[in-house]
Amino acid sequence: MSYDSNNIFAKILRGEVPCHKVYEDEHTLAFMDVMPQADGHTLVIPKMSSRNLLDAEPKALGSLMTSVHKVANAVKQAFGADGMLIQQFNEAAAGQTVFHLHVHVLPRHEGRPLRPHTGRMADHAVLAQHAERIRAALGAGAE
């Protein structure tokens, strides 16, 4: 299957759809998931077009994982998490719903289950506050 340049993440990268940006460098973008399964649920994507990990350019993967590492540490700090869940899905059979390579970064707390993925968007004011907490942690050197 080929890459669809009209997927929602491609539109975010082009500035056609807004997002609650957390981090950006020349190769990656991190932003709040609008249907979070936990407070602080963040997505990290490469700027290079790829459907998923299976067709990604190897050079994009190093930058992607460097950003995942940086963002995960900031999310952990910002939300006082006991641990971090890093998820990445490839193709519909594996649970992928947006066909642009992306990594889910979810803070985990002992005894708190993840919220179900209901398809309902979170309050944008709350997402903006969560993004600010993560940016502040990044600014504090959460590496």
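How many bridges join S2 to S3, and in which direction do these strands run? The answer is that 5 bridges join S2 to S3, and the two strands run antiparallel. This briefing concerns a predicted model, and it moves from the sheet that contains these strands to the largest pocket, the salt bridges and one loop residue with a positive phi.

**The sheet**

- The sheet is open and is formed by 5 strands in the order S1-S2-S3-S5-S4, with antiparallel pairing.
- At its edges stand S1 and strand S4 (83-87), each of which has a single partner strand, so one side of each is left without a neighbour in the sheet.
- On average, and with direction ignored, neighbouring strands of this sheet are turned by 20° against each other.
- As background to this pairing, strands of a sheet pair through backbone hydrogen bonds, either parallel or antiparallel.

**Strand pairs within the sheet**

- S1 and S2 run antiparallel and are joined by 3 bridges, and a hairpin leads from S1 to S2 through 3 residues.
- Within the pairing of S1 with S2, Tyr23 has Ala30 of S2 as its bridge partner.
- Ala30 also takes part in the pairing with S3, where its bridge partner is Val44.
- S3 and S5 likewise run antiparallel, and they are joined by 3 bridges; here the bridge partner of Thr42 is Val105 in S5.

**Strand S2 and its surroundings**

- In S2, 5 of the 5 residues are buried, so this strand is largely enclosed by the rest of the structure.
- Both faces of S2 are covered, since Thr28, Ala30 and Met32 on one side are buried, as are Leu29 and Phe31 on the other.
- This division into two sides can be read against a general pattern: in a regular strand the side chains alternate between the two faces of the sheet.

**The largest pocket**

- The largest pocket holds about 510 Å³ of space.
- It is lined by 26 residues, of which Phe9, Asp33, Val34, Met35 and Leu43 are the closest to its centre.
- Helix H1 (8-13) and S2 are the elements that give two or more residues to this lining, and H1 gives the most, with 3 residues.
- Sorted by class, the lining of the largest pocket consists of 14 nonpolar, 11 polar and 1 charged residues.

**Salt bridges**

- With a salt bridge taken as a side-chain nitrogen of Lys or Arg within 4 Å of a carboxyl oxygen of Asp or Glu, the count comes to 6 salt bridges.
- One of them is formed by Glu16 and Arg14, whose closest N and O atoms are 2.8 Å apart; Arg14 counts as partly exposed, at 41% relative accessibility.
- Another is formed by Lys47 and Glu24, where the closest N and O atoms are 2.8 Å apart.
- Lys47 lies in the loop between strand S3 (42-46) and helix H2 (58-78), while Glu24 lies in strand S1 (residues 21-24), so this pair ties together parts that are 23 residues apart in sequence.
- Both partners are partly exposed, Lys47 at 29% relative accessibility and Glu24 with a relative accessible area of 38%.
- The side chains of Arg115 and Asp39 also meet in a salt bridge, with an N to O distance of 3.2 Å.
- This pair links distant parts of the chain, 76 residues apart, with Arg115 in the loop between strand S5 (103-108) and helix H3 (124-139) and Asp39 in the loop between strand S2 (28-32) and S3.
- Arg115 is partly exposed, with a relative accessible area of 35%, and Asp39 is partly exposed as well, with a relative accessible area of 39%.
- Salt bridges that share partners join Lys21, Glu24 and Lys47 into one network.

**A loop residue with a positive phi**

- Glu91 has a positive phi of about 80°, although this residue is not a glycine.
- The place of Glu91 is in the loop between S4 and S5, and at 24% relative accessibility Glu91 counts as partly exposed.
- The cut-off matters for this reading, because buried means under 20% relative accessible area and exposed over 50%, with partly exposed in between.

Methods
Residues are numbered from 1 along each chain as its sequence is written. This is a predicted model: local features need pLDDT of at least 70, side-chain atom pairs count only at pLDDT 80 or more; totals for chains, interfaces and linings use all residues. Side-chain values use heavy atoms; hydrogens and water are left out. Buried means under 20% relative accessible area, exposed over 50%, partly exposed in between (1.4 Å probe, protein chains only). Helices (H or I, at least four residues) and strands (E, at least two) are DSSP runs, numbered from the N terminus. On a 1 Å grid over the protein atoms alone, a cavity is a set of points where a 1.4 Å probe fits but cannot get out, and a pocket is an open set with protein on both sides within 12 Å along at least five of seven lines; lining residues have an atom within 4 Å of a point. Grid points are joined across faces, edges and corners, and a volume is the space filled by probe spheres set on the points. Ala, Val, Leu, Ile, Met, Phe, Trp, Tyr, Cys and Pro count as nonpolar, Asp, Glu, Lys and Arg as charged, and the others, Gly among them, as polar. Two strands pair if DSSP finds at least two bridges between them. Axes are lines fitted to C-alpha atoms, for helices over the stretch in contact, and angles run from 0 to 180 degrees between N-to-C directions.
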